[in-house]
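Visitor: I should like to examine one part of this protein closely, and then to see how that part relates to the rest of the chain. Please begin with the element I name below.

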Amino acid sequence: MAALSRLSKPSSKFFANITRSVYFYSSASAAPEPEIKSYFQNHNFARKAPKDRNVQWVFLGCPGVGKGTYASRLSKFLGVPHIATGDLVREELASSGSLSQQLSEIVNQGKLVSDEIIFNLLSKRLEAGQAGGESGFILDGFPRTVKQAEILEEVMDIDLVVNLKLCEDVLLEKCLGRRMCSQCGGNFNVANINVKGGNGNPSISMAPLLPPAHCMSKLITRADDTEEVVKERLRVYNEKVSLHSFTIL
Ligand SMILES: Nc1ncnc2c1ncn2[C@@H]1O[C@H](COP(=O)(O)OP(=O)(O)O)[C@@H](O)[C@H]1O
């Protein structure tokens, strides 16, 4: 709980410039914190003044809310890498590495991967980016646990956190409508959302995000975007998120 109260202070570095509601929840990871922190020891860009680097933003939200879509568009606009921990997990899954089997069981059950594995994958990605001259980032889907938020706060300055929200039946429909081009990696959505408003809720209309003709025959669906697994991911998210919430500004 110490972590929760520290995170809620407006003076907290991590949340200094938050302009939307942010929710965090506790982690089930058993990894020792100093060991996890050591993954980031070599990142000297982490504490550069904002004028000497590009933006360092974080996008959060339930599965299917669109954080990947918005983060990817903004990252092109701002010239920063879009780093989604879900993509890092899927890259590892697709490899023949020793982690692959372990990850596939966790992800295909709709559970969260351990903090230790996530920090390991993320630090490798940041290191590679640093070596390639990257500056700044938009992190997507990270942090998702208090421990992840605490360590991120300690090692980096985050300029903005955006938490996107959408009602649950639309989230489910959007997850089930997600498609990816197996050749170019483009993300699309075939769901046509039209929810009537009422009882104080607004109407929601979202046109499908259709792929170009040359991608049509190469579309695939993520293995964890089945109705059963999406419902479990939403359940896990809601159960853990509800532990703590606050708004600054
Ligand atoms: N920060 C994280 N912490 C723990 N697990 C993660 C994290 N990011 C991604 N994952 C794992 O990767 C899966 C896919 O993540 P993601 O692509 O962000 O999907 P979504 O937001 O649609 O659930 C998650 O269900 C989870 O198992």
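How many of the 10 residues of helix H7 are buried?

Guide: The model is a predicted one. In it, 7 of the 10 residues of H7 are buried, and the helix is thus mostly covered. The buried residues are Val 146, Lys 147, Gln 148, Ala 149, Glu 150, Ile 151 and Leu 152. For the protein chain, which has 249 residues, the buried share is 29%.

The loop that leads into this helix deserves attention. Pro 143 is placed in the loop between E4 and H7, and the peptide bond that joins Phe 142 to Pro 143 is cis, with omega near 0°. As a rule, most peptide bonds are trans, and most residues other than glycine have a negative phi. An exception to the second part of that rule is found at Asn 199, which is not a glycine yet has a positive phi of about 55°. Asn 199 belongs to the loop between strand E8 (193–195) and strand E9 (204–206), and it counts as exposed because it has 4 C-beta neighbours inside 10 Å.

From H7 one passes naturally to the interior. The largest nonpolar core has 29 residues, and those touching the most other members are Val 58, Phe 59, Ile 118, Leu 121, Leu 122, Ile 138 and Leu 139. At least two residues of this core come from each of E2, H4, H6, strand E4 (137–140) and helix H7 (146–155). H6 supplies the largest share, 6 residues. A second core, separate from this one, consists of 6 residues, among them Cys 62, Leu 171, Val 230 and Tyr 237.

Helix H6 itself runs over residues 115–131. Its 17 residues reach 24 Å from the first C-alpha to the last, close to the 24 Å expected at 1.5 Å a residue. Within H6, the buried residues are Asp 115, Ile 117, Ile 118, Phe 119, Leu 121, Leu 122 and Leu 126. After H6 comes Gly 133, with a positive phi near 85°.

Val 58, one of the best-connected core members, touches Leu 139, Ile 158 and Val 161 when residues up to four places away in sequence are not counted. Val 161 belongs to strand E5 (residues 160–164), where Val 161 and Asn 163 form the covered face, whereas Leu 160, Val 162 and Leu 164 form the uncovered one. Strand E2 (residues 56–61) is joined to E5 by 5 bridges in the parallel sense, and Leu 60 has Asn 163 in E5 as its bridge partner.

Strands of a sheet may pair in either the parallel or the antiparallel sense, through backbone hydrogen bonds. The antiparallel case is shown by an open sheet of 3 strands in the order E7-E6-E10. Strand E7 (187–189) and strand E10 (219–220) are its edge strands, each pairing on one side only. Strand E6 (residues 178–181) is linked to E10 through 2 bridges, with Cys 181 opposite Leu 219.

Helix H4, another contributor to the largest core, also takes part in the surroundings of the ligand. The shell around the ligand comprises 17 residues, of which Pro 63, Thr 85, Gly 86, Val 113 and Gly 141 are the closest. Helix H4 (85–94) and helix H5 (99–108) each provide at least two residues of this shell, and H4 gives the most, with 3 residues. Sorted by class, the shell has 9 nonpolar, 5 polar and 3 charged residues.

A residue of H4, Leu 93, has 19 C-beta neighbours inside 10 Å and therefore counts as partly exposed; a buried residue needs 20 or more. Apart from residues up to four places away in sequence, Leu 93 touches Ser 100, Leu 103, Ser 104 and Val 107. Although Val 107 is 14 residues from Leu 93 along the chain, their C-alpha atoms are separated by 9.3 Å.

Finally, the whole chain gives the setting for H7. The protein chain has 9 helices and 11 strands. Of the contacts between residues at least 6 apart in sequence, 76% join residues at least 24 apart.

Definitions and conventions. Residues numbered from 1 in each chain as written. Predicted model: local features only at pLDDT ≥ 70, side-chain atom pairs only at ≥ 80, totals over all residues. Near = placed C-beta within 6 Å. Helix = DSSP H or I, 4+ residues; strand = E, 2+ residues; numbered from the N terminus. Nonpolar A, V, L, I, M, F, W, Y, C, P; charged D, E, K, R; others polar. Expected span 1.5 Å × (residues − 1). Buried ≥ 20, exposed ≤ 12 C-beta atoms within 10 Å, placed from the backbone. Pairing = 2+ DSSP bridges. Contact = placed C-beta atoms within 7 Å. Core = buried A, V, L, I, M, F, W, Y, C linked by C-beta atoms within 7 Å.
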